Amino acid sequence: MAAAQARKARLDGLKVTIPVNAGAEGKLFGSVGNREIAEALEAAGVEVDKNEVRLLDGHLRACGEYEIGIHLHSEVDALVTVDIVPE
């Protein structure tokens, strides 16, 4: 649990940007899911497994800022901000 707490300290408040192909109205050509979010967090220097990413409403399909939960341990969750922007 101490390792999960340490990871939570590194993740809480972290903001990552994911550039995607999107139409003029901000709708994505495809979607952003657990894998893409985990890869963006790893690129920011924090190792996260895609199974730890919690997307309560399913994959993200529009540009914007989203608060995403990261489930690190049965008693430890972190919140990160994911900003999806058009390429």
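Trainee: In this predicted model, which strand do two bridges join to β3, and how do the two run?

Mentor: Strands of a sheet pair through backbone hydrogen bonds, either parallel or antiparallel. Here β3 is joined by two bridges to a strand covering residues 64-73, and the two run antiparallel. Within this pairing, Val-53 stands opposite Ile-70. The partner of β3 is β5.

Trainee: Which strands form the edges of the sheet?

Mentor: The sheet is open, has four strands with mixed pairing, and follows the order β1-β6-β5-β3. An edge strand pairs on one side only. The edge strands are therefore those spanning 15-20 and 53-54, namely β1 and β3.

Trainee: At about what angle to β6 does helix α1 run?

Mentor: Helix α1 comprises residues 2-11 and lies across β5 and β6, the latter spanning 76-86. The angle asked for, between α1 and β6, is about 30°.

Trainee: Which element gives the most residues to the largest nonpolar core?

Mentor: In soluble globular proteins, nonpolar side chains tend to be buried together. The largest nonpolar core here has 24 residues, and Leu-11, Ile-37, Ile-68 and Ile-70 have the most contacts inside it. At least two residues each come from α1, β1, β2, α2, β5 and β6. The element giving the most, with five residues, is β6.

Trainee: Leaving aside neighbours within four places in sequence, which residues is Ile-68 in contact with?

Mentor: Ile-68 is one of the core residues with the most contacts inside the core. With its neighbours within four places in sequence left aside, its contacts are Ile-37, Val-53, Arg-54, Leu-55, Leu-60, Ala-78, Leu-79, Val-80 and Val-82.

Key: Residues numbered from 1 in each chain as written. Predicted model: local features only at pLDDT ≥ 70, side-chain atom pairs only at ≥ 80, totals over all residues. Heavy atoms only, no water. Contact = heavy atoms within 4.5 Å. Axes fitted to C-alpha atoms, helices over the stretch in contact; angles between N-to-C directions. Core = buried A, V, L, I, M, F, W, Y, C linked by side-chain atoms within 4.5 Å. Buried < 20%, exposed > 50% of the residue type's maximum accessible area, 1.4 Å probe, protein only.
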